[in-house]
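Could you walk me through this protein as if I were new to reading structures? Please start with a pair of charged side chains and build up from there.

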Amino acid sequence: MARQQSTPEQHSVRLLKVGERVRHVLSEILSRQQVHDATLSAHSVSVTEVRMSPDLRLATAYVKPLLGSDEEEVLTALRQNTAYFQKEVARSLGLKSAAKIRFRLDETFDEADRIERLLSDPRVRRDLED
């Protein structure tokens, strides 16, 4: 039986769907405080995005502690509990093997604030009005 070829668009959609499902599982684990870690229990953590590698073996989860406090401490706690997250994601999604999860701080909010400050500058505003 010949293997069906997938188009790049179908491959991309599949990566997005799997990434979104992984994001939901991680968010649920964190919101229900299923991880027995004092740092994670003391902070509300938002999983803003999960990007999957093309072979689905690597998931990069972008996280942001709410109120932006103790980011490095929360990131360290997440990384220490990676094995638990991987096991739960594989179990919840019915995957044969668990994707390796990497946690990264989501810096898009900081970048958006920086751009907003730049656009609020009177010199920039003057140039935009012309």
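Let's begin with Lys-64 and Glu-71, which form a salt bridge whose closest N and O atoms are 2.6 Å apart. Keep in mind as you look around that this is a predicted model. Side chains of opposite charge can pair when their charged atoms come close. Lys-64 has a relative accessible area of 11%, so it counts as buried, since the cut-off for that word is under 20%. Its partner Glu-71, with a relative accessible area of 21%, is partly exposed.

How many salt bridges does the structure hold? There are 5 of them, and two more are worth a stop. In one, the side chains of Arg-23 and Glu-20 meet with 2.7 Å from N to O. Both of these residues lie in helix 1, 3 residues apart, which is about one turn of the helix. An α-helix has 3.6 residues a turn, so residues three or four places apart point the same way. Arg-23 counts as buried because its relative accessibility is 18%, while Glu-20 is partly exposed at 35%.

The other one is in helix 4 (residues 82–93), where you'll find Glu-88. Arg-91 forms a salt bridge with Glu-88, and again the closest N and O atoms are 2.7 Å apart. These two also sit 3 residues apart in their helix, about one turn. Is Glu-88 buried or exposed? Its relative accessibility is 10%, so it counts as buried. Arg-91, on the other hand, counts as exposed at 57%. Leaving aside residues up to four places away in sequence, Glu-88 touches Val-25 and Ile-29.

Now zoom out to the whole chain. It has 6 helices and 3 strands, and reading along the sequence gives you the pattern α-α-β-β-α-α-β-α-α. Of the 130 residues in the chain, 32% are buried. If you take the contacts between residues at least 6 apart in sequence, 63% of them join residues at least 24 apart. For an example of sequence distance versus distance in space, look at Leu-16 and Met-52: they are 36 residues apart along the chain, yet their C-alpha atoms are separated by 7.4 Å.

So what's inside? In soluble globular proteins, nonpolar side chains tend to be buried together. Here, the largest nonpolar core has 27 residues, and those with the most contacts inside it are Leu-26, Leu-40, Leu-78, Phe-85 and Phe-103. At least two residues of this core come from each of helix 1 (8–31), strand 1 (45–52), strand 2 (58–65), helix 3, helix 4 and strand 3 (100–105). Helix 1 gives the largest share, 7 residues. To get a feel for the core, click on Phe-85: beyond residues up to four places away in sequence, Phe-85 touches Leu-26, Ile-29, Leu-30, Val-35, Leu-40, Leu-78, Ile-101 and Phe-103.

Helix 3 (residues 71–80) is a nice one to look at from the end. Its buried residues are Val-74, Leu-75, Ala-77 and Leu-78. Why are they on the same side of helix 3? They cover an arc of only 160° around the axis, and that puts them on one side. The face turned away from this buried side carries the exposed residues Glu-72 and Gln-80.

Next, head for the outside. The chain exposes about 9,300 Å², and carbon and sulfur atoms supply 50% of that. One nonpolar residue out here is Leu-16, in helix 1, which is exposed because its relative accessible area is 61%. There's also a nonpolar surface patch of about 280 Å², made by Ile-115, Leu-119 and Leu-128. Ile-115 belongs to helix 5 (residues 108–120) and counts as partly exposed, at 39% relative accessibility.

Last, two spots in the loops. In the loop between helix 1 and helix 2 (38–42) you'll come across Gln-33. Its phi is near 50°, a positive value in a residue other than glycine. Gln-33 is partly exposed, with a relative accessible area of 44%. The loop between strand 1 and strand 2 holds Leu-56, another residue other than glycine with a positive phi, near 65°.

Terms used: Residues numbered from 1 in each chain as written. Predicted model: local features only at pLDDT ≥ 70, side-chain atom pairs only at ≥ 80, totals over all residues. Heavy atoms only, no water. Patch = residues over 30% accessible without salt bridge, like charges linked within 9 Å, V, L, I, M, F, W, Y side chains within 5 Å. Areas by Shrake-Rupley, 256 points an atom, 1.4 Å probe, with all protein chains shown as cover. Salt bridge = Lys/Arg side-chain N within 4 Å of Asp/Glu carboxyl O. Helix = DSSP H or I, 4+ residues; strand = E, 2+ residues; numbered from the N terminus. Buried < 20%, exposed > 50% of the residue type's maximum accessible area, 1.4 Å probe, protein only. Arc of directions from axis to C-beta. Contact = heavy atoms within 4.5 Å. Core = buried A, V, L, I, M, F, W, Y, C linked by side-chain atoms within 4.5 Å.
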